[in-house]
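This report is a guided reading for someone meeting the structure for the first time. It starts from a single side chain and then widens to the whole chain, its helices and its cysteines.

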Amino acid sequence: MTSTYQSVLIRDTFTTAFVKNLIVVLVWLVLTYINSTLAATFFRHQTFYEDPRYILFIHMVINDGIQLTVTITLFILSYIFYKINVSFCCFFILVAVFTTRNTPVNLASMAIERYIAICKPLRYSQICTVRRTYIVIGLIWFICVAPDITDLFVTLATEPLSFFHESVFCLRQNVFKDPILAQKRKAFDIIYFSCVFLTLVFTYLKILFAARALSTADTSAQKARNTILLHGVQLAMCLLSYISPSVEIILHIIFPGRILEIRYANYLIVYILPRFLSPVIYGARDKKFRKYFVMDLLRCSCKYKVKPTVPLYKDRM
């Protein structure tokens, strides 16, 4: 979690800490089960991994699963050990940052794919190929990794080797401490989310105009428009992770004795809640995916049926 007050040694009671961690772990188990089931449905059916739309979707599901696992691991470690080795902290922080940045950029890619499918249907098969989709995913990772990996290089150059053997409370500002890095992060955050926001607005308006031009009986454009609206909600929730430190400061001033509760609520709202949207957008709303998803669930349930018993007595020869 991100907080400006992590240096203050305020700890929960054992019962409170146990309840908080139990809730987080249970939520993680539920989301992991849902995401694993979605991934299993995707890989079982060739129709999905030959469709760019679902390839981008499953990439986001896997990315969110990694991000959720890393942040929950850090959450639990903060209660068990409070401080961890700087080298391990660097690894966890960088993976969390990469996967957090991936989500909005992936949303923009999915919105562009829907725009091409609705507004340029005759060229869709030429533009959106499986090969190009995997190239786009590679570019997403490059765009998200390149700016933030420099934090590690700057820290390696400015901090003594002994620093990486110390133990700290695992926060980004506690590991990557150079003030220039903080300014760089703010600049890239503005660039990333401005580009993604403009992409979502552009594709939404284009699809909206296309939906009005098409027959009312054709609902594909309307569904695409609603999907991009949900992507906008996801983007707004992603923005929370960047304004949460400022929100924590304000809430700490208003409720000075509730910093632990503020951090916990912030963690649930910023890092946990947005991960429920991906299964809803495609797992529940998409008819094609829902059809195969339900079919796989029924197939799995059949495995638990009682096998017929062998008769105890057989006719003797």
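## A side chain in the first helix

In this model, which is predicted, the backbone oxygen of Tyr33 lies 2.7 Å from a polar atom of the side chain of Thr37. Thr37 belongs to helix α1, which covers residues 14–44, and Thr37 counts as buried because its relative accessibility is 14%, below the 20% under which a residue is called buried. When its neighbours within four places in sequence are left aside, Thr37 is in contact with Phe293 and Leu297.

## The chain as a whole

The protein chain holds 12 helices and two strands, and read from the N terminus its elements follow the order α-α-α-β-α-α-α-β-α-α-α-α-α-α. Of the 317 residues in the protein chain, 45% are buried. Among the contacts between residues at least 6 apart in sequence, 82% join residues that are at least 24 apart.

## Helix α3 and its surroundings

Helix α3 takes in residues 52–80, and for its 29 residues a rise of 1.5 Å a residue leads to an expected span of 42 Å, which agrees with the 42 Å that separates its end C-alpha atoms. The helix is mostly covered, with 22 of its 29 residues buried. At the start of α3, a side-chain oxygen of Asp51 comes to within 3.0 Å of the backbone nitrogen of Arg53, and after α3 comes Tyr82, which has a positive phi near 65 degrees.

Which residues does His59, in helix α3, touch beyond those up to four places away in sequence? They are Asn106, Ile137, Ile140 and Trp141. His59 and Ile137 are 78 residues apart in sequence, while their C-alpha atoms are 7.9 Å apart in space. With a relative accessible area of 12%, His59 is buried.

## Helix α6: its start and its partner

Val130 lies in helix α6 and, at 28% relative accessibility, counts as partly exposed. Not counting residues up to four places away in sequence, Val130 touches Tyr49, Glu50 and Ile55. Of these, Tyr49 is 81 residues from Val130 along the chain, and the C-alpha atoms of the two are separated by 8.1 Å.

Two packed helices are described by the angle between their axes and the distance between the axes. Helix α6 (residues 130–158) and helix α8 (residues 179–213) have axes that come within 11 Å and cross at roughly 180 degrees, and α6 and α8 are therefore roughly antiparallel to each other, since an angle over 145 degrees is placed in that class. On the α6 side, Ile143, Cys144, Pro147, Asp148, Thr150, Asp151, Val154 and Thr155 take part in the meeting, and on the α8 side they are met by Leu181, Lys184, Arg185, Phe188 and Tyr192.

## The cysteines

How many disulfides are there by the distance rule, which asks for sulfur atoms within 2.5 Å? The count comes to one disulfide, formed by Cys89 and Cys170, whose sulfur atoms are 2.1 Å apart. The pair links distant parts of the chain, since Cys89 is in helix α4 (residues 86–119), Cys170 is in the loop between β2 (167–168) and α7 (172–175), and 81 residues separate the two. The link of Cys89 and Cys170 is right-handed, with 100 degrees about the S-S bond.

Both ends of this link are covered: Cys89 counts as buried at 0% relative accessibility, and Cys170 counts as buried at 13%. Cys119, by contrast, counts as partly exposed at 28% relative accessibility, and Cys195 is likewise partly exposed, with a relative accessible area of 46%.

## Helix α10

Helix α10 (residues 259–272) has 14 residues and reaches 19 Å from its first C-alpha to its last, which is close to the 20 Å expected at 1.5 Å a residue. This helix is mostly covered, with 10 of its 14 residues buried. The buried residues of α10 include Ile259, Leu260 and Ile262 towards the start of the list, and also Arg263, Tyr264, Asn266 and Tyr267, with Val270, Tyr271 and Ile272 completing it.

Notes: Residues are numbered from 1 along each chain as its sequence is written. This is a predicted model: local features need pLDDT of at least 70, side-chain atom pairs count only at pLDDT 80 or more; totals for chains, interfaces and linings use all residues. Side-chain values use heavy atoms; hydrogens and water are left out. Helices (H or I, at least four residues) and strands (E, at least two) are DSSP runs, numbered from the N terminus. The expected span of a helix is 1.5 Å times one less than its number of residues. Buried means under 20% relative accessible area, exposed over 50%, partly exposed in between (1.4 Å probe, protein chains only). A polar contact is a pair of N or O atoms within 3.5 Å; within protein, one must be able to donate a hydrogen and the other to accept it, and residues adjacent in sequence count only if both atoms are side-chain atoms. A disulfide is a pair of cysteine sulfur atoms within 2.5 Å. Contact means heavy atoms within 4.5 Å. Axes are lines fitted to C-alpha atoms, for helices over the stretch in contact, and angles run from 0 to 180 degrees between N-to-C directions. Angles under 35 degrees count as roughly parallel, over 145 as roughly antiparallel, 65 to 115 as roughly perpendicular and the rest as oblique.
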